Amino acid sequence: MPPSPKTRSFDNLEHNDRHSKYSPLTKIVAGVTVLATVLLLLYLYTLKPATPTLQAPEWIYATAVLRGDAGVNGTVYFRQSGLSKVRITGKILGVDKNSLRGFHIHEFGDLSDGCTSTGSHFNPTSQTHGGPSDLKRHVGDLGNVKSDKHGVVHLDFEDNLITLSGPWSIIGRAVVIHKGTDDLGRGGNDESLKTGNAGGRAACGVIGNAPSPTLDKLMPLQVYPEHWRDICRAERELGISHLL
Ligand SMILES: [Cu+2]
Ligand SMILES: [Zn+2]
């Protein structure tokens with residue numbers, strides 16, 4: 001009797017299975033493995049770090065308008081890109097002619113009692129007073145600035161310690177120009193290691209956030225580094241040079 005079609009197909013199936021190289025379990029395991037691999041590769045692809053893009057560091061600007069009761073006044077500009085040195089530019093008028101005058105960041109931007117209420121030199125590291133190139137210095141110790149024969153101070157220098165961001169930011173504090181010369185901690189007395197014996201406060205101003213300045217403010221005088229050399233020479237003559 002010829003086999004029914006049903007039986008025949010069943011036989012075929014059995015026949016195929018019997019001759020298949022892999023068991024159904026192996027096939028399932030292989031399928032799952034392939035699927036898992038594909039999913040893993042997709043996952044790893046999403047984890048691939050984005051191509052790093054170079055971003056220019058942001059500029060921060062600050063300005064202080066200096067006023068005092070000694071006829072001294074001026075404007076000081078600060079700017080900093082990322083963690084670079086802060087560049088200080090500006091102009092102060094009415095200063096004693098041809099003189100070195102102490103120039104500092106004081107801790108408080110408080111002018112409620114004139115320049116007196118700006119407190120001491122900004123000193124977050126609890127150091128003694130020094131010159132701007134000294135390892136031991138107040139963060140606010142910017143040394144001396146020099147006036148010309150007209151009593152004008154042209155500022156253009158950099159400082160490697162003050163900053164316009166972070167917990168030590170000088171923004172909100174004050175700039176003070178003194179009536180005397182800062183001895184940069186080399187005066188040989190206690191006061192020298194606190195204030196540099198820079199005398200009274202001729203003018204001061206609160207350092208505030210500022211917008212990106214116009215070009216004339218950015219490149220005011222181009223006196224750097226001649227101005228800096230002038231200061232160094234004058235300080236050497238006074239025996240208070242802080243540079244080697
Ligand atoms: Cu001071
Ligand atoms: Zn100081």
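Let's begin with residues 28-45: this span is 100% helix and 0% strand, and its end C-alpha atoms lie 26 Å apart. Please keep in mind that we are looking at a predicted model. The stretch caught my eye because of its label, and that label comes from the UniProt record: an unreviewed entry annotates residues 28-45 as "transmembrane region".

The helix around it is H2, residues 24-47. Does its length fit what 24 residues should span? At 1.5 Å a residue we expect 34 Å, and the end C-alpha atoms are 35 Å apart, so the two agree. As for cover, H2 has hardly any: among its 24 residues, the count of buried ones is 0. A quick reminder for anyone thinking about faces of a helix: with 3.6 residues a turn, residues three or four places apart point the same way.

Now let's step back to the whole chain. We have 4 helices and 9 strands. Along the sequence they follow the pattern α-α-β-β-β-β-β-β-β-β-β-α-α. The chain has 244 residues, and 34% of them count as buried. If you take contacts between residues at least 6 apart in sequence, 64% join residues at least 24 apart.

On to the strands. In what order do they line up in the sheet? There are 8 strands in an open sheet, ordered E6-E4-E8-E9-E1-E2-E3-E7, with antiparallel pairing. E6 and E7 are the edge strands, each pairing on one side only. On average, neighbouring strands here are turned by 20° against each other, ignoring direction.

Let's walk through a part of that sheet, starting from E1. On one side, E1 pairs with E9 in the antiparallel sense over 4 bridges, and there alanine 64 has isoleucine 207 of E9 as its bridge partner. E1 also pairs with E2, again antiparallel, over 8 bridges. These two strands make a hairpin with 6 residues between them, and in the turn glycine 71 has a positive phi of about 80°. Carry on from E2 and you reach E3, joined to it by 7 antiparallel bridges; threonine 75 stands opposite lysine 91 in E3.

One residue I'd like to zoom in on is isoleucine 60, which lies in E1, residues 59-66. Its bridge partner in E2 is glutamine 80. Isoleucine 60 is also 18 residues from phenylalanine 78 in sequence, with 8.1 Å between their C-alpha atoms in space. Beyond its neighbours within four places in sequence, isoleucine 60 is in contact with Arg79, Gln80, Leu164 and Ser165. So why does isoleucine 60 count as partly exposed? Because it has 19 C-beta neighbours inside 10 Å, and a buried residue needs 20 or more.

Finally, the nonpolar core. The largest one has 33 residues, and those touching the most other members are Leu66, Val76, Phe78, Val175 and Ile177. Several strands feed this core with at least two residues each, among them E1, E2, E8 and E9. Valine 76 is a nice one to click on: leaving aside neighbours within four places in sequence, its contacts are Ala64, Leu66, Ile88, Gly90, Leu155, Val175 and Gly205. And while you're turning the sheet around, remember that side chains in a regular strand alternate between the two faces of the sheet.

So that's my tour: a helix, H2, with no buried residues, and an open sheet of 8 strands. Thanks for listening!

Terms used
Residues are numbered from 1 along each chain as its sequence is written. Chains are lettered from A and ligands numbered from 1 in the order in which they are written. This is a predicted model: local features need pLDDT of at least 70, side-chain atom pairs count only at pLDDT 80 or more; totals for chains, interfaces and linings use all residues. A residue is buried if 20 or more other C-beta atoms lie within 10 Å of its own, exposed if 12 or fewer, and partly exposed in between; C-beta atoms are placed from the backbone. Two residues are in contact if their C-beta atoms, placed from the backbone, lie within 7 Å. UniProt positions are given in the numbering used here, feature names are shortened, and annotations may be inferred rather than shown by experiment. A nonpolar core is a set of buried Ala, Val, Leu, Ile, Met, Phe, Trp, Tyr and Cys residues joined through C-beta atoms within 7 Å. The expected span of a helix is 1.5 Å times one less than its number of residues. Two strands pair if DSSP finds at least two bridges between them. Axes are lines fitted to C-alpha atoms, for helices over the stretch in contact, and angles run from 0 to 180 degrees between N-to-C directions.
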